[in-house]
Amino acid sequence: MKKYALIRPKVAAAQAMAGAPTYVRQGSLEVRLARSFKEIKAAQKLRYDIFYNEMEAKPDWRMRMTKRDIDPYDAVCDHLLVIDHDLPKGKRIVGTYRLLRQEIADQHSGFYSSGEYDLSPLNSDSFRKHMGEGRQLLELGRSCVHPNYRANSTINMLWKGIAEYLKEHNIAYMFGCASFEGVNPEEFEEALAYLYHNHLVADDFKVRALEDQLVDMNTMSADDVDARKARRALPPLIKGYLRLGCFIGDGAVVDAQFGTTDVFILLPVERIAKRYSKHYDVGAQANDSDTVVAAVQ
């Protein structure tokens, strides 16, 4: 995949963008996939504002030049958007999530997370059988919401959109990385040990950090971990995923560019669908949704 193809793209996103359906509409807010490269650029600008201005990640010269968070995966991913139609054109995209389906990843350069984690257990015959015939994985990343829209109502809509996407593409599991802010894992030692002892992926499909990047999470015995203190130290994003029933990969990874320490998240989709999809008669509860999305690379 050509590096930074989306500065001057020859290929659009994976979805046939012009026909992307609306997943959710409430008042002036709409949730759907990007329908044009112009909308993808607006999502990249939002990501830049949050990751590099608000969160102080380190842009390269291309990003500084364009004021956009860009990488090669943008060219093949679907871009889920929250759009406020009451805002002026050019400022209407207030939330985004980048989605990469397994069928698309297999045709290109694989998954973004493979740069930090060995994903081969998720490609094993046993895990494919576990997922079920015709079902596939979905990688989530580059999630962010404008500060003025970090409320239950907006984020609930975003997750309803994700739920519709999951059903549309027959997704069995979602995965991606969530982060602690900071590059010193010792600061999160107890929280990491808590995740290791209580939420580790099963041995049959244990995703593990690449050996040259692996930060050991098992540095304290389970008996020595103060679970209440450790849970308080978890970032909101990780708490939200845990409430939805996620599993955690083995080993953390320091991401110097984003100034974070990452952990791997693996999440069965059923809980998402039952909570958020309009195809399930479960109401519109979203008490935990404000903890699910703030920003994640």
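**Note on the predicted model: strands, cores, helices and single residues**

1. In this predicted model, strand S4 and strand S6, which covers residues 136-145, pair in the antiparallel sense over six bridges. Within that pairing, threonine 96 stands opposite cysteine 144 of S6. On its other partner, S4 pairs with strand S3 (residues 78-84), again in the antiparallel sense and over six bridges, and there valine 82 stands opposite glycine 95 of S4.

2. How many of the residues of strand S4 are buried? Nine of the nine residues, 93-101, are buried, so S4 is largely enclosed by the rest of the structure. In a regular strand the side chains alternate between the two faces of the sheet.

3. For the protein as a whole, the secondary structure comes to nine helices and 12 strands, and 53% of the 297 residues count as buried. Among contacts with a separation of 6 or more, 76% are between residues 24 or more positions apart. The accessible surface comes to about 13,700 Å², and carbon and sulfur atoms account for 46% of that area.

4. The largest nonpolar core holds 54 residues, of which Trp159, Met174, Leu195 and Val263 touch the most other members. Helix H5, residues 152-168, supplies the largest share of this core, with eight residues. A second core, separate from this one, has 24 residues and includes Leu119, Phe127, Tyr173 and Val207. As general background, nonpolar side chains tend to be buried together in soluble globular proteins.

5. Helix H1 runs over residues 37-54, and the distance between its end C-alpha atoms can be set against its length: at 1.5 Å a residue its 18 residues should span 26 Å, and the end atoms are 24 Å apart, which agrees. The buried residues of H1 include Glu39, Ile40, Ala43, Gln44, Leu46 and Arg47, and also Tyr48, Ile50, Phe51 and Tyr52. The list therefore contains charged and polar residues such as Glu39, Gln44 and Arg47 as well as nonpolar ones such as Ile40 and Leu46. An α-helix has 3.6 residues a turn, so residues three or four places apart point the same way.

6. H1 is followed by glutamate 56, which is placed in the loop between H1 and helix H2 (61-66). Its phi is positive, about 65°, although the residue is not a glycine. Most residues other than glycine have a negative phi. Is glutamate 56 buried or exposed? With a relative accessible area of 65%, glutamate 56 is exposed.

7. Arginine 142 also deserves a look in the viewer, since its phi is near 45°, a positive value in a residue other than glycine. Arginine 142 is found in strand S6 and is buried, with a relative accessible area of 2%.

8. The loop between H2 and S3 holds lysine 67, which counts as partly exposed at 49% relative accessibility. Leaving aside residues up to four places away in sequence, lysine 67 touches Lys45 and Tyr48. Lysine 67 and leucine 46 are 21 residues apart in sequence, and their C-alpha atoms are 9.2 Å apart in space.

9. In helix H6, residues 189-199, the buried residues are Glu190, Ala191, Leu192, Ala193, Tyr194, Leu195 and Tyr196. Which elements cover these buried residues of H6? The cover includes strand S7 (171-181), helix H7 (227-232), helix H8 (236-243), strand S9 (247-248) and strand S11 (260-268). Leu195 is also one of the residues that touch the most other members of the largest nonpolar core.

10. Helix H8 has buried residues of its own, namely Leu237, Ile238, Gly240, Tyr241 and Leu242. Just after H8 comes glycine 245, with a positive phi of about 95°.

11. On the cysteines, the count of disulfides comes to zero. Cysteine 177 counts as buried at 13% relative accessibility, and cysteine 246 counts as buried at 4%.

Notes. Residues numbered from 1 in each chain as written. Predicted model: local features only at pLDDT ≥ 70, side-chain atom pairs only at ≥ 80, totals over all residues. Heavy atoms only, no water. Buried < 20%, exposed > 50% of the residue type's maximum accessible area, 1.4 Å probe, protein only. Helix = DSSP H or I, 4+ residues; strand = E, 2+ residues; numbered from the N terminus. Pairing = 2+ DSSP bridges. Core = buried A, V, L, I, M, F, W, Y, C linked by side-chain atoms within 4.5 Å. Contact = heavy atoms within 4.5 Å. Areas by Shrake-Rupley, 256 points an atom, 1.4 Å probe, with all protein chains shown as cover. Expected span 1.5 Å × (residues − 1). Disulfide = S-S within 2.5 Å.
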